Amino acid sequence: MGKNIDEWLPETVKPDVLKLFYVVFFVQTLVATQDIVVDAWALTMLKKNNVVYALTCNLVGAMLGIMINSLFLTSEDFFHF
């Protein structure tokens, strides 16, 4: 997606929004599927009396992942080519 973004959204001619839509739709479908799988996995992993903590575990894990990832994405060394 990153390699083709200049082709799909050029600055001078009409953008190819349809291709961009299909790719984003496909990626969002994968993300939604992953979310469902992780929720089901959490429910099967936790003991019955701890199932109420599944949402908390998922949210804390997602937020930690975002925070750790942002350390790398904001680093100047990360974007050095």
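This is a chat about a predicted model of a protein chain.

Reader: What's the secondary structure of the protein chain, in helices and strands?
Author: Three helices and zero strands. From the N terminus on, the order is α-α-α.

Reader: Where do those helices sit?
Author: Helix α1 covers residues 5–8, helix α2 covers residues 17–45, and helix α3 covers residues 54–73.

Reader: Is the chain a compact globule or more spread out?
Author: More spread out, because the radius of gyration is 18 Å, well over the 12 Å that the globule rule gives for 81 residues. The C-alpha trace spans about 60 × 35 × 15 Å along its principal axes.

Reader: What share of the residues is buried?
Author: Buried residues make up 5% of the 81 in the chain.

Reader: And how much accessible surface is there, and what part of it belongs to carbon and sulfur atoms?
Author: The accessible surface comes to about 7500 Å², with 70% belonging to carbon and sulfur atoms.

Reader: Switching to annotation. Which residues does UniProt list for "transmembrane region"?
Author: The unreviewed UniProt entry lists residues 20–44 and 51–73 under that name.

Reader: What do those spans look like in the model, starting with how much of 20–44 is helix?
Author: Residues 20–44 are 100% helix and 0% strand, and the end C-alpha atoms lie 36 Å apart. Residues 51–73 come out at 87% helix and 0% strand, with end C-alpha atoms 33 Å apart.

Reader: How far apart are Leu 59 and Ile 36, in sequence and in space?
Author: They're 23 residues apart in sequence and 14 Å apart in space, C-alpha to C-alpha. Leu 59 lies in helix α3 and is partly exposed, with a relative accessible area of 47%.

Reader: Which residues make the nonpolar surface patch?
Author: Val 60, Met 63, Leu 64, Ile 66, Met 67, Ile 68, Leu 71 and Phe 72 make a patch of about 810 Å². Val 60 lies in helix α3 and counts as partly exposed because its relative accessibility is 45%.

Reader: Now the rings. How many aromatic pairs are there?
Author: Two. In one of them, the rings of Phe 21 and Phe 25 have centres 5.9 Å apart and planes at 25°, so that pair is stacked.

Reader: How are Phe 21 and Phe 25 placed along helix α2?
Author: They're four residues apart, so about one helical turn separates them.

Reader: Does a cluster come out of the ring pairs, and which residues are in it?
Author: Phe 21, Tyr 22 and Phe 25 are linked into a cluster by ring pairs. Phe 21 is partly exposed at 46% relative accessibility, whereas Phe 25 is exposed at 52%.

Reader: Last topic, charges. How many salt bridges?
Author: The count comes to two. Lys 19 and Glu 7 meet in one, at 3.7 Å from N to O. That pair links distant parts of the chain, with Lys 19 in helix α2 and Glu 7 in helix α1, twelve residues apart.

Reader: What does Asp 16 pair with?
Author: Asp 16 forms a salt bridge with Lys 19, and their closest N and O atoms are 3.9 Å apart. Glu 7, Asp 16 and Lys 19 are thus linked in a network of salt bridges.

Reader: Are those three buried or partly exposed?
Author: Partly exposed: Lys 19 has a relative accessible area of 39%, Glu 7 comes to 49% relative accessibility, and Asp 16 to 28%.

Key:
Residues numbered from 1 in each chain as written. Predicted model: local features only at pLDDT ≥ 70, side-chain atom pairs only at ≥ 80, totals over all residues. Heavy atoms only, no water. UniProt positions renumbered as here; feature names shortened; annotations may be inferred. Helix = DSSP H or I, 4+ residues; strand = E, 2+ residues; numbered from the N terminus. Patch = residues over 30% accessible without salt bridge, like charges linked within 9 Å, V, L, I, M, F, W, Y side chains within 5 Å. Areas by Shrake-Rupley, 256 points an atom, 1.4 Å probe, with all protein chains shown as cover. Salt bridge = Lys/Arg side-chain N within 4 Å of Asp/Glu carboxyl O. Buried < 20%, exposed > 50% of the residue type's maximum accessible area, 1.4 Å probe, protein only. Phe/Tyr/Trp six-rings, centres within 6.5 Å; stacked < 30°, edge-to-face > 60°. Rg over C-alpha atoms; globule rule 2.2 N^0.38 Å.
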